[in-house]
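Subject: Structure handover

Hello,

Here is the structure we spoke about, for you to take over. Please look through it first, then read the notes underneath.

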Amino acid sequence: MENITGTDLILACSAIGAGLAVIAGIGPGIGQGIAAGHAASAVGRNPGAKSEITSTMLLGQAVAETTGLYGLLVAILLLFVKPLV
């Protein structure tokens with residue numbers, strides 16, 4: 001069995017951290033789906049407020065999407081930036 005160096009351990013932990021960071025995309029996906037469903041239901045109940053509901057929903061989804069993008073950014077940094085080298 002080969003000895004594990006400190007660099008190997010850091011690279012392995014970076015890969016695990018990247019996988020965990022990608023999981024951050026699940027939350028915004030679920031939240032955006034719920035928001036779109038509630039917005040469609042609200043438009044069905046009050047079609048006259050369609051433009052207000054749609055603009056509010058899109059603003060909320062844009063804010064929620066940033067969480068997923070930050071998780072993706074962290075994952076890419078962990079995978080492709082060589083730590084301590």
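The notes below go through the helices one by one, then the packing, then a few single residues.

Please keep in mind that this is a predicted model.

Helix α1

Helix α1 covers residues 6–22. Its 17 residues should span 24 Å at 1.5 Å a residue, and the end C-alpha atoms are 24 Å apart, so the expected and computed lengths agree. The buried residues of α1 are Ser 14, Ala 18 and Ala 21. Viewed down the helix axis, the buried residues of α1 fall within an arc of 65°, so they line one face of the helix. What do they pack against? The partner is α3, residues 50–80. On the face of α1 turned away from the buried side sit Ile 16 and Leu 20, both exposed.

Thr 7 also belongs to helix α1. Thr 7 has a relative accessible area of 46%, under the 50% that an exposed residue has to pass, so Thr 7 counts as partly exposed. Along the sequence Thr 7 and Lys 82 are 75 residues apart, while in space their C-alpha atoms are 9.8 Å apart.

Helix α2

Helix α2 runs over residues 26–45. With 20 residues, α2 reaches 29 Å from its first C-alpha to its last, close to the 28 Å expected at 1.5 Å a residue. Buried in α2 are Pro 28, Gln 32, Ala 39 and Ala 42. Seen down the axis of α2, these buried residues fall within an arc of 90°, so they too line one face of their helix. They pack against α3. The face of α2 turned away from the buried side carries the exposed residues Ile 26, Ile 30, His 38, Ala 40, Gly 44 and Arg 45.

Helix α3

For the 31 residues of α3, a rise of 1.5 Å a residue predicts a span of 45 Å; the end C-alpha atoms are 44 Å apart, which agrees. Its buried residues are Ile 53, Gln 61, Gly 68, Gly 71 and Ala 75. Which helices do the buried residues of α3 pack against? They pack against α1 and α2.

Packing of α2 and α3

Two packed helices can be described by the angle between their axes and by the distance between those axes. For α2 and α3 the angle is about 175°, and the axes are 9 Å apart. Since an angle over 145 degrees counts as roughly antiparallel, α2 and α3 are therefore roughly antiparallel to each other. On the α2 side the contact is made by Pro 28, Gln 32, Ala 35, Ala 36, Ala 39, Ala 42 and Val 43. On the α3 side it is made by Lys 50, Ile 53, Met 57, Gln 61, Ala 64, Glu 65, Thr 67 and Gly 68. By class, the contact of α2 with α3 has nine nonpolar, four polar and two charged residues.

Single residues in this contact and beside it

Gln 32 lies in helix α2. Is Gln 32 buried or exposed? Its relative accessibility is 18%, and buried means under 20%, so Gln 32 counts as buried. Setting aside neighbours within four places in sequence, Gln 32 is in contact with Gln 61, Ala 64 and Glu 65.

Gln 61 lies in helix α3. Gln 61 is buried, with a relative accessible area of 18%. Leaving out neighbours within four places in sequence, the contacts of Gln 61 are Gln 32, Ala 35 and Ala 36.

Ala 39, in helix α2, is buried as well, with a relative accessible area of 11%. Not counting residues up to four places away in sequence, Ala 39 touches Ile 53 and Met 57. Ala 39 and Ala 24 are 15 residues apart in sequence and 24 Å apart in space, C-alpha to C-alpha.

Thr 56 is found in helix α3. Its relative accessible area is 55%, and exposed means over 50%, so Thr 56 is exposed. From Thr 56 to Ala 39 the separation is 17 residues in sequence and 9.0 Å in space, C-alpha to C-alpha.

Regards

Methods:
Residues are numbered from 1 along each chain as its sequence is written. This is a predicted model: local features need pLDDT of at least 70, side-chain atom pairs count only at pLDDT 80 or more; totals for chains, interfaces and linings use all residues. Side-chain values use heavy atoms; hydrogens and water are left out. Helices (H or I, at least four residues) and strands (E, at least two) are DSSP runs, numbered from the N terminus. The expected span of a helix is 1.5 Å times one less than its number of residues. Buried means under 20% relative accessible area, exposed over 50%, partly exposed in between (1.4 Å probe, protein chains only). The arc is that of the directions from the helix axis to the C-beta atoms. Contact means heavy atoms within 4.5 Å. Axes are lines fitted to C-alpha atoms, for helices over the stretch in contact, and angles run from 0 to 180 degrees between N-to-C directions. Angles under 35 degrees count as roughly parallel, over 145 as roughly antiparallel, 65 to 115 as roughly perpendicular and the rest as oblique. Ala, Val, Leu, Ile, Met, Phe, Trp, Tyr, Cys and Pro count as nonpolar, Asp, Glu, Lys and Arg as charged, and the others, Gly among them, as polar.
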